[in-house]
Amino acid sequence: MSNPFDVQQAAVIGAGTMGRGIVISLARAGLPVLWLDNDPQAVQAGLAMIEQTWAQQVARERIGQAEADACRARVRGVQGYAELAEVDLVIEAVYENLALKQDIFRTLDATLKSTAILASNTSALDIDAIAAVTRRPEQVLGLHFFSPAHVMKLLEIIRGERTSPAVLDVALDVGRRMGKEAVVAGNCHGFIGNRMLASYVAEARKLLLEGALPRQVDQALQGFGLAMGPFRMYDVVGIDLEWRARQLAGQGMDAPLVQVDNALCALQRFGQKSGQGYYRYAPGSREALHDPEVDALVLEVSQALGVRRREVADEEIVERCLLALVNEGAKILEENIAANSYDIDRVYLNGYGFPAALGGPMAWADNQGLGAILARLERLQGLFGEHWRPASLLVRLAAEGKRLADVREGRA
Ligand code: NAD
């Protein structure tokens with residue numbers, strides 16, 4: 001039986017970094033795409049950029065000229081919502097602001113045909129709060145792409161409280177057509193990937209204040225096999241994104257853990273885009289060069305916070321950052337945000353550069369043995385406090401001699 005929500009024609013709202021990659025992915029999947037931004041210049045610039053991407057792909061023989069021409073012909077800029085009335089799927093990728101997204105969803109709901117699916121590319125906002133402003137919450141979901149969206153394989157599909165199974169099926173199908181590794185996640189702050197990342201990054205930041213330096217943290221984790229340590233990753237993503245968000249929200253600026261980031265941003269050290277962040281970059285190069293000024297700044301910040309720095313071993317860095325991932329992953333599983341541990345591993349392998357040979361953070365934990373993982377978490381809890389309390393799922397599985405891989409839909 002055909003699905004009433006089948007997607008023949010798509011639209012993208014927002015022609016910034018993410019909108020561009022999403023348009024390329026949809027067009028490569030063979031879907032006609034209408035493209036809208038409230039700044040018409042942004043669509044023009046976006047069209048020029050994707051034109052360039054396809055020309056490069058032809059030059060590198062990744063796609064043929066005929067395929068590039070066909071993709072180009074599928075994408076059309078539009079001026080207003082009325083032109084989107086007949087699309088089957090719209091993906092919104094405007095600024096990360098709930099009120100703005102809600103406004104757009106209200107307009108989409110009022111303008112698009114009743115079977116259209118409305119998706120948001122939000123990185124962390126509440127999908128249910130977005131769905132709630134529409135009269136079709138069962139057709140609202142998150143489609144969380146990773147940057148650059150036409151390159152990164154991972155697609156988190158966020159099911160809201162009321163998203164219907166038929167709509168999820170269609171989203172999974174669109175994910176497949178785009179060649180993505182699609183993982184369904186429940187609705188919580190940061191979903192699967194960014195929620196785990198937050199715990200991991202918090203630990204990396206604590207280690208800086210306790211005695212480690214950015215290059216040491218990155219090298220220790222890269223030595224474990226991660227594609228990129230957390231501070232190199234921040235330089236790629238832009239240290240300023242979270243800093244601006246803290247300023248806009250008017251909260252979080254005073255937290256000790258973000259003081260190094262705040263100090264870097266105050267010096268306009270935003271990362272690769274400004275030629276310096278946690279590292280230095282030669283003009284036009286992406287090679288992260290050690291910068292003693294950053295080490296000095298880390299020492300200054302820890303001193304200002306009254307911390308007595310100590311020698312931190314590489315093993316401690318790996319232990320704390322990895323176990324932070326595992327413990328948060330176990331909570332995500334327990335809360336049924338992920339259907340199984342394999343989905344969590346797919347997120348980390350395809351979106352966060354976890355070493356493929358280890359199978360993902362959950363598979364790594366299973367292979368260590370959950371009894372051993374639990375003992376290591378309890379040791380950290382004794383040393384550093386309650387935030388290391390092991391997830392109750394880990395306690396139970398360890399007692400029952402089971403693995404994270406035995407859990408399905410929150411139950412083992
Ligand atoms: P961006 O700033 O590069 O682009 C946003 C675009 O939205 C701009 O072109 C702007 O003109 C347009 N816009 C703003 N208000 C609009 C409106 N009312 N109507 C139509 N268009 C409007 O932002 P981005 O980095 O592409 O991020 C977009 C979304 O994707 C955000 O929700 C962000 O959290 C999410 N996201 C970003 C990344 C990333 O790495 N950049 C990764 C995953 C998800």
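## What counts as a helix or strand

Helices (H or I, at least four residues) and strands (E, at least two) are DSSP runs, numbered from the N terminus. This is a predicted model, where local features need pLDDT of at least 70, side-chain atom pairs count only at pLDDT 80 or more, and totals for chains, interfaces and linings use all residues. Residues are numbered from 1 along each chain as its sequence is written, and side-chain values use heavy atoms, with hydrogens and water left out.

## Around the ligand

Let's start with the ligand. It has 22 residues around it, each with a heavy atom within 4 Å, and the closest are Met18, Asp37, Glu96, Lys101 and Ser123. At least two residues of this shell come from each of α1 (17-28), α4 and β6 (140-145). The largest share belongs to α4, with three residues.

Now for some polar contacts (pairs of N or O atoms within 3.5 Å). An N or O atom in the side chain of Asp37 sits 2.7 Å from a ligand oxygen atom, and for a polar side-chain atom of Ser123 the distance to a ligand oxygen atom is 2.8 Å. On its own the ligand has 830 Å² of accessible area (Shrake-Rupley method, 1.4 Å probe), and the protein covers 80% of that.

## Strand β4 and its neighbours

What happens on the two faces of strand β4 (residues 89-92)? Both are covered: Leu89 and Ile91 on one side, Val90 and Glu92 on the other, are all buried (under 20% relative accessible area, 1.4 Å probe, protein chains only).

β4 runs parallel to β1 (residues 10-13), joined by four bridges, with Val90 as the bridge partner of Ala11. β4 also pairs in the parallel sense with β5 (residues 117-120) over four bridges (pairing takes at least two DSSP bridges). There, Ile91 stands opposite Ala119.

Technical notes
Buried < 20%, exposed > 50% of the residue type's maximum accessible area, 1.4 Å probe, protein only. Polar contact = N/O pair within 3.5 Å; in protein donor to acceptor, adjacent residues only side chain to side chain.
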